[in-house]
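Colleague: Let's go through this model together. Please keep the cut-offs handy, since I'll be asking about terms as we go.

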Amino acid sequence: MSGLSLNGVCKSYGPVNVIKNLDLEVISGEFLVLVGPSGCGKSTLLRMIAGLEEITDGTISIGDRIVNDLPASQRNLSMVFQSYALYPHMSVRKNLAFGLTNLKMSKDEIKRRVDEASEILQIGNLMDRKPRQLSGGQKQRVAIGRAIVREPELFLFDEPLSNLDAELRVQMRVELAGLYNRLGTTMIYVTHDQVEAMTMATRIVVLREGKVEQVGTPYELYNRPQNLFVAGFIGSPKINMLETKCQSGNGASQIEIEDFGSAEIARLGSDSTAITVCVRPENFEINGSGVLSAKGKIVLIEYLGSELYLHLELSSGKRLMIKAPSKAEHLVGDEMSITIDIDNCHYFDEAGLRIEPAKMTEAA
Amino acid sequence: MKKINRRQLLQGMVTGAGCVAAASMFGSAAFAADTRIRHFWWGNPSRDERTYKVIDLFKNANPGFDVAGETIGWGDYWTKMATQTAGKNMADLVQMDYRFLFEYVHRGALLPLDEYFGKTLHLEDFDKSAIAGGMVDGKLYALNIGSNSQVMIYNKRLFAEAGIEFDPIKWNQAEQMDIAKKLSASTPKGVHGIDDATMNPIVWEAWTQQRGKTFYADGKVQAVAADLESFWEYWKEMRESGAAPSADVSVANLGFKMTESGIVTGATAMSQFWSNQIVGVQSLMKDEIGAAMLAHKKGGMPGQFIKPSMFMALTRDTKNPELATKYMNAWVNDPAQTAILGLERGVPASSKVRAALEPNLTVSEKVSVDYFNAIQSSVGPLPPPPPKGAGEVNAAFIRMGTNVILGRISIKDGAAEFIDEASSIVERAS
Amino acid sequence: MPDTTIANHELNLASQSVEAKNTNAAEISKQLRANRHKRESRQALLKHLFLGFFAILMLYPLLWMMAASVKPENEIFGNLSIWPSAFHWDNYAHGWNRMQVSFTTFYANSFLVTILSVIGNLISCSFAAYAFARLTFDLKKFWFALMMMTLMIPYHVVLIPQYVLFLELGWVDTYLPLVVPRFLAADAFFIFLMVQFFRQLPRELDEAAMIDGCSPYKIYWAIIMPLSLPAMATAGIFSFIWVWEDFLAPLIYLNDMNNYTVPLALRLFVDQDSQSAFGQMFAMSVLSLVPVILVFVIFQKLIIKGIGMSGLK
Amino acid sequence: MRKFFVRNLPGYAFLTPWLLGFFLLALGPMLISLYLSFTKWDMVGDPQWVGLAQYEYMFLKDKRFWQSLDVTFTYVILAVPARLAFALMIAIVLDKGIRKIGIYRALYYLPSILGASIAIAILWREIFNIDGVVNAVLINFGIQGPNWIGNPDTSLYTLVVLAMWQFGSPMLIFLAGLRNIPTELYEAAEIDAASKAKQFFSITLPLLAPVLFFNIILQTIEAFKTFSSAFIISNGDGSPADSLLFFTIYLFNEAFTYFRMGYASALAWTLLIIIGLFTAVSFYTSKYWVYYENERD
């Protein structure tokens, strides 16, 4: 088992820089998810790791080896593609065995590995079919099977579930997680779907415009986003962002939020006056009585069965998203008041960087 | 040495490309050049058959030597010949046509035969006039393998139906006009007397000679616009009187193809040809045909002449001229070979050979030989060799004739313009 | 006419009471269906008439040629009938053996040259197309533009230099000048066709194969080739037809009649100023078309598929 | 250095046969002919350097050169659209749910297989003769047609008709293109109450644009290079009265009949430049009217 490290990696197509001086350490045996909006360079990064894309600058090493100039086939990794990329003219069995025959492996060994993979993925009954005779989910399994049989040091997944329907996606997600637990091999997984990222990853890398915004466990990303972008990107429905005027004095900061009034909180670690306060939809108290309260009108209700999401329009015209228990009885047009749960707010300065209130820093 | 190096270099380059296997599969069989000659002619199935038989005879008589016969149809012959000439890879012996002979001689592609006289080449039995046709600048460059002359082939049935009697050797242009008019009047609708010769350079050349000039003299155009005007006026009268078909019908056969001539398609009762075509025309027709001379100018000079229809010539690229001329000699003198060749390429130039062939002629061959014998005293001398560019002038004549016949240009302007054009073509070519 | 009938029906339908409509529904829909069938089959008939008429127009020349191949010699010209007064079937037998060398040899030669050329075209053009469509290398665009430019060269100009080249190599009067250029991808049209096709194949396949340990050479052989059968078939058929009919190169390069191909042999029949054998020429022309027509008819579905998948959309 | 090889080796390995062919069979000969175009060469002796004299003669003095340009351009302008329109029309009719399409497709391709054989030349003359089929039909309408092939005013049109008649390959390419237009688009248009004509102009034609473009380019290059059919029908020299003097026929005759290889080479380079310019302009303007579904690279 070996880790992977990227040092100062750059990629440019002519004048366009897609990856900018990127450093990343992948710990051996982890399930690392690369996530970010489309065009952030996550697929390119994966393909560079795979050896399908040349790197413009920097080094990539697997274990102790620098693999910059090593062809894909010699990096001891396997990859699952978004389109599956099964060889249309080969049977499932041949698809699985193809890479192994290229390694000049003995027939017995190939058979053992193929049979094992087919058992793990339960595709034994499909072995003699051609890819076009398979459903989407079956193709997906075969594609994963093709990756497993090579018994690589590293698995790469390029948005493998995006072509499946919702139900299958959930199912395959569980299976992939199970596979990871079983094999324990390092996996790097690219997706734009944060649910996939949150549910499967041991660590998540959030990318934007070719740069790493934050690396951390799903818990860290959700509860301590390092910047406004990560705060906004992780979490569904999206976090509420409120512009705030802030006055920091000795030991305390005075913040004033439109519609909600003002309050004194623990001293923030910054003297900035324009602060953004972010509050997740579940961190409002409905009809509560805290300091920072506001009144608003319900303009839309999303009913999800287990819970409700209320779209609230404040008197200034600003809209907020509030989570409420599903049993609660609300009607569109109702007036209601809400209170911010001050202990579960996130503060960001003008540059979008996270600021910790003093007492929390002490606590940590 | 230099050449061999270049060849090796090229061969190395290409074989290096992985063609070694292919090359050894088809590579040309090595042959010693000095025991093998190539003979190239334009042909047709029956000519090819005869020629290959003759080649076999020669090979049997000369063991140890090889003759390769190469043949293709007329239209493709000259393309291939030009390519081989450019590549310096001409066959040892090639068949030549009178109109191309001088082009090839002037460009240095053919060798004179004089030094082989009496050694490998024996021409004692040849007609002097027939030998003269292959002379350029006082040297013999091409051996006559068949002669011919202009001929007016006529449809005997139509002539009989119209009740026409005429002397096919002596008739003149005024008589021709009357006969053609009469034919048109008394044959079924749509059949005319004669093919319009407005675009026919051969008939025009005879017309010039009848007026005491030749088309070219001293490598320049000698014909004058006035003669050309009278020629075109004569045929205009034919056309307008209905003696010749309408312009639209006439322009159909610009290629002077036998199959599209008036007599073969049935559009007219007579058409102009070369005499070696008599047999071919008859084979395409149900009616019996006769042969007449081109009509004379009353009181004029003879317009027709006896011309070699085909030559055999020795080329610059030959490796074994002795063998080649020996082959040539057998071709025109050996009784067994000449018997096989017969009249297929025209009337043989050797009187001995002609006499030997006489008893075995077919009906249409006899028409052709009789015609040839009958005209001997009525023909003029062979005109001087045409200059370079003559072929192009021919094409220009046909173009201008087309414009004249269709009334796209007046006869006067057309004649003047053509003479100008002919002169400048000859000038550019020399 | 049919439209108004239907409209009337619908009017009647509307005026009927709902109950009646329900009871009659099955019957009425049956009637409507029948009307539609009638209208459709009438349209189809019209279309077939139109297409059939055109097909005859298209076919007439071929029929005329077949007729000419059995007509008496003097009936061929000035005669547009496609029904001969007498059938000279012996034109075929005589034509076959008319030359010094029988047509059996010409056919054998033609097949040899054509099949080798087709193989050459397929291998070399697919090599070049694979490089252009799939591999990265310096100056790719430059070479591609030059490749496209070779489409525009008038053949007659390069004829003489090429002839001199092959003469220097000692290849004249062998099949090498006809076959070797095809192994050197001389026909840019096929490269272009295949490039278009290869570009349609998903690039992930190559990438998956790369990770599976394939070199570019193996990807060509194990992935691209098996998936390109329709394109290969199209190129193969077109090149079969073109090589089979090619006449200029054999004319220039073949001297010995024993080496002649069929189109060249056909040229031996016609002479301008003496006896020609047109009937036999037409008979052999008809026979020379047989392989081409067979290849086309058998493989035409593949052609459509091949072109369709070549990304020309 | 090693990286350079790794990057270029596979590409050039696969390109090697073509590169060899290109240098030996295309570039080499073309450069030789470029050199020859500055010389006078009768194909027997040695070429003599004459500088730009051949080009000077061509552009300033040679009336037949301009005639051949006239003929060729007229032909390209008439024959290419005619053939493509015809091919497209038949392809559309064939594409719409006709049974036995295979038979028609084969029948319509037959004339293209016949190519430019002697048989076609003979036949074409028979058809367009003064008493040929065409005039036999016209006479029923009280029109006495001319001799179409023999008359310089009409001869070129018979070749245009020949080009139309041999519409097989563009038809096949159109058919394949039509296959790729999703039926949903026509159904949507049907719902939007678009007439058949409207459907053709707003769906078929735009979606077929790339195929059309491909066909136009190839057919135009072919038309500029037209040789065989014109050669056999015009007796090899462009007659009657130079009305069929295609550029290639002029070139061929200058080289192989009149032994002016230098001048023929100059003509060839002129033709190459004309075709090249046309292709460049077409490619340049194509982005304004050719719509590609998956624009890539």
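Modeller: Helices and strands here are DSSP runs numbered from the N terminus, with helices being H or I of at least four residues and strands being E of at least two. This is a predicted model, where local features need pLDDT of at least 70 and side-chain atom pairs count only at pLDDT 80 or more, while totals for chains, interfaces and linings use all residues. Residues are numbered from 1 along each chain as its sequence is written, and chains are lettered from A and ligands numbered from 1 in the order in which they are written.

Colleague: Between which elements is B:Lys88 found?

Modeller: That residue has a positive phi of about 55 degrees although it is not a glycine. B:Lys88 counts as partly exposed because it has 14 C-beta neighbours inside 10 Å; 20 or more other C-beta atoms within 10 Å would make a residue buried, 12 or fewer exposed, with C-beta atoms placed from the backbone. Its loop in chain B runs between helix H3 (74–86) and strand S3 (93–96).

Colleague: Which non-glycine residue in the loop between S9 and S10 of chain A has a positive phi?

Modeller: The loop lies between strand S9 (203–208) and strand S10 (211–216) of chain A. The residue there has a phi of about 45 degrees. With 15 other C-beta atoms within 10 Å, it is partly exposed. It's A:Glu209.

Colleague: And which peptide bond is cis?

Modeller: Look in the loop between helix H8 (228–233) and strand S11 (240–248) of chain A, which holds A:Pro237. Omega is near 0 degrees for the bond from A:Ser236 to A:Pro237.

Colleague: What is the strand order of the open five-stranded sheet in chain A?

Modeller: Pairing in this sheet is antiparallel, and two strands pair if DSSP finds at least two bridges between them. S15 (284–286) and S18 (319–325) stand at the edges with a single partner strand each, so one side of each is left without a neighbour in the sheet. Neighbouring strands are turned by 45 degrees against each other on average, direction ignored. The order reads S15-S19-S16-S17-S18.

Colleague: Which residue stands opposite A:Leu300?

Modeller: Strand S16 (residues 293–303) and strand S17 (residues 307–314) of chain A pair in the antiparallel sense over seven bridges. Across from A:Leu300, in S17(A), is A:His311.

Colleague: How are H17 and H18 of chain B oriented, roughly parallel or roughly antiparallel?

Modeller: Helix H17 (residues 390–405) and helix H18 (residues 411–429) of chain B have axes 10 Å apart, at an angle of about 165 degrees. Axes are lines fitted to C-alpha atoms, for helices over the stretch in contact, and angles run from 0 to 180 degrees between N-to-C directions. Under 35 degrees counts as roughly parallel, over 145 as roughly antiparallel, 65 to 115 as roughly perpendicular and the rest as oblique. H17(B) and H18(B) are therefore roughly antiparallel.

Colleague: Which hand does the crossing of H8 and H11 in chain C have?

Modeller: Helix H8 (residues 188–200) of chain C packs on H11(C) at about 165 degrees, axes 10 Å apart. Residues making the contact include C:Phe190 and C:Met194 of H8(C) and C:Ala231 and C:Ser239 of H11(C). A crossing is left-handed if the near helix is turned anticlockwise from the far one by less than a right angle, and right-handed if clockwise. This one is right-handed.

Colleague: How many residues does the largest nonpolar core have?

Modeller: Such a core is a set of buried Ala, Val, Leu, Ile, Met, Phe, Trp, Tyr and Cys residues joined through C-beta atoms within 7 Å. Those with the most contacts inside it are B:Ile153, C:Ala128, C:Ile191 and C:Met194, and helix H4 (residues 103–134) of chain C gives the largest share, 14 residues. C:Ile191 touches, among others, C:Met147 and D:Trp18, contact meaning C-beta atoms, placed from the backbone, within 7 Å. The total is 395.

Colleague: Which helix gives the most to the side of chain C that touches chain D?

Modeller: In that interface, 59 residues of chain C are in contact with 68 residues of chain D. Elements giving two or more residues on the chain C side include helix H2 (18–68), helix H11 (229–245) and helix H14 (278–308). With twelve residues, the biggest giver is H14(C).

Definitions and conventions. Two residues are in contact if their C-beta atoms, placed from the backbone, lie within 7 Å. Lists of a residue's contacts leave out its neighbours within four places in sequence.
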